[in-house]
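Work through the exercises below with the sequence and the structure at hand, and try each task before you read its solution.

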Amino acid sequence: MDYSKVAPLVGVASEVHPAHDRVTVEDVDRWCQVLQDTNPLYTDEEYAKKSPHGGLLAPSGMVHAFCVGSLKAAIDQFVHGKFEYPKDANNALNVIIEEEGYTGVMATAQRQQHFKRIKVGDELHWTLTLVRFSDYDHITRQGAGRKYQILFQFYNQDNELLCKQSFDVLVY
């Protein structure tokens, strides 16, 4: 792979993108039902109002579900080859990777660091940065591959950082 094609993308943050969903009681309720999460800060409005938070919260792990990857965007990208945000470094990287013959993709790690709670009613937005991309092939069970890391940063309507989420990927 010609690393010089990828190098200009490393460290470049995307534009700010709006979440595809507002944080709603209904979405939090569905999430909690599926995961059998009975935390009253998520499920009991009266309890949550009396808490220091003053109202219902959303589980912190939901941040990605609210923000990234609507079903329509996924269909457009994977079926029709149309990226929702074609200028994002990650999407430009995906095109280069495929052109270079790396067609296998494996997620290898994901980490979230939370700073503030997500509140029902919040309007979220996010950015994405390609943090690193290996400049050499790694020999793996899948064959020769490259490793890279992307970083999502999620914010509320007051531009307060809620969460950083890193995502490590191997392409081969």
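**Exercise 1. Find which residues are linked into a cluster by ring pairs, and classify two of the pairs**.

Solution. In this predicted model, ring pairs join Tyr 85, Trp 126, Phe 152 and Phe 154 into a cluster. The count of aromatic pairs comes to five. Begin with Tyr 85 and Trp 126, whose ring centres are 5.9 Å apart and whose planes stand at 80 degrees, so that this pair is edge-to-face; the cut-off needed for this step is an angle over 60 degrees. The pair links distant parts of the chain, since Tyr 85 lies in the loop between H5 and helix H6 (89–99), Trp 126 lies in strand S5 (residues 125–133), and 41 residues separate them. Tyr 85 and Trp 126 are both buried.

Next take Trp 126 with Phe 152, where the centre-to-centre distance is 6.0 Å and the angle between the planes is 50 degrees, and this aromatic pair is tilted. Here too distant parts of the chain are linked, with Trp 126 in strand S5 and Phe 152 in strand S7 (residues 143–155), 26 residues apart. Phe 152 is buried, as is Trp 126.

**Exercise 2. Describe the largest pocket by its volume and its lining**.

Solution. The volume of the largest pocket is about 940 Å³. Its lining consists of 33 residues, and those nearest the centre of the pocket are Gln 77, Phe 78, Asn 90, Asn 91 and Asn 94. Now sort the lining by element: H5, H6, strand S3 (105–114), S5, S7 and strand S8 (161–171) are the elements that give two or more residues to it. H6 provides the largest share of this lining, namely six residues.

**Exercise 3. For three salt bridges, state the distance between the side chains, and decide whether partners are buried, partly exposed or exposed**.

Solution. A search of the whole structure finds seven salt bridges, and three of them are treated here in turn.

1. Arg 30 and Asp 27 meet through their side chains in a salt bridge of 2.9 Å, N to O. Both residues lie in helix H1 (residues 25–35), where they are three residues apart, about one turn of the helix. Asp 27 has a relative accessible area of 24%, so it is partly exposed.
2. Arg 111 forms a salt bridge with Asp 168, and the closest N and O atoms are 3.1 Å apart. This pair links distant parts of the chain, because Arg 111 is in strand S3 and Asp 168 is in strand S8, 57 residues apart. Arg 111, at 39% relative accessibility, counts as partly exposed, whereas Asp 168 is buried, with a relative accessible area of 17%; the cut-off for buried is under 20%.
3. Arg 146 and Asp 137 are joined by a salt bridge between their side chains, at 2.8 Å from N to O. Arg 146 has a relative accessible area of 4% and is therefore buried, while Asp 137, with 33%, is partly exposed.

**Exercise 4. Name the residues of a nonpolar patch on the surface, and decide whether Leu 71 is buried or exposed**.

Solution. The nonpolar patch on the surface is formed by Leu 71, Ile 75, Phe 78 and Val 79, which together have about 480 Å² of accessible area. Leu 71 is placed in helix H5 (residues 71–80). Because its relative accessibility is 66%, Leu 71 counts as exposed, the cut-off for that word being over 50%. Phe 78, a member of this patch, is also one of the residues nearest the centre of the largest pocket.

Terms used. Residues are numbered from 1 along each chain as its sequence is written. This is a predicted model: local features need pLDDT of at least 70, side-chain atom pairs count only at pLDDT 80 or more; totals for chains, interfaces and linings use all residues. Side-chain values use heavy atoms; hydrogens and water are left out. Patches are made of residues with over 30% relative accessible area and no salt bridge: like charges are joined within 9 Å, nonpolar side chains (Val, Leu, Ile, Met, Phe, Trp, Tyr) within 5 Å. Accessible areas come from the Shrake-Rupley method with a 1.4 Å probe; for residues, only the protein chains shown count as cover. A salt bridge is a side-chain nitrogen of Lys or Arg within 4 Å of a carboxyl oxygen of Asp or Glu. Helices (H or I, at least four residues) and strands (E, at least two) are DSSP runs, numbered from the N terminus. Buried means under 20% relative accessible area, exposed over 50%, partly exposed in between (1.4 Å probe, protein chains only). Rings of Phe, Tyr and Trp (its six-membered ring) pair if their centres lie within 6.5 Å; planes under 30 degrees apart count as stacked, over 60 as edge-to-face and the rest as tilted. On a 1 Å grid over the protein atoms alone, a cavity is a set of points where a 1.4 Å probe fits but cannot get out, and a pocket is an open set with protein on both sides within 12 Å along at least five of seven lines; lining residues have an atom within 4 Å of a point. Grid points are joined across faces, edges and corners, and a volume is the space filled by probe spheres set on the points.
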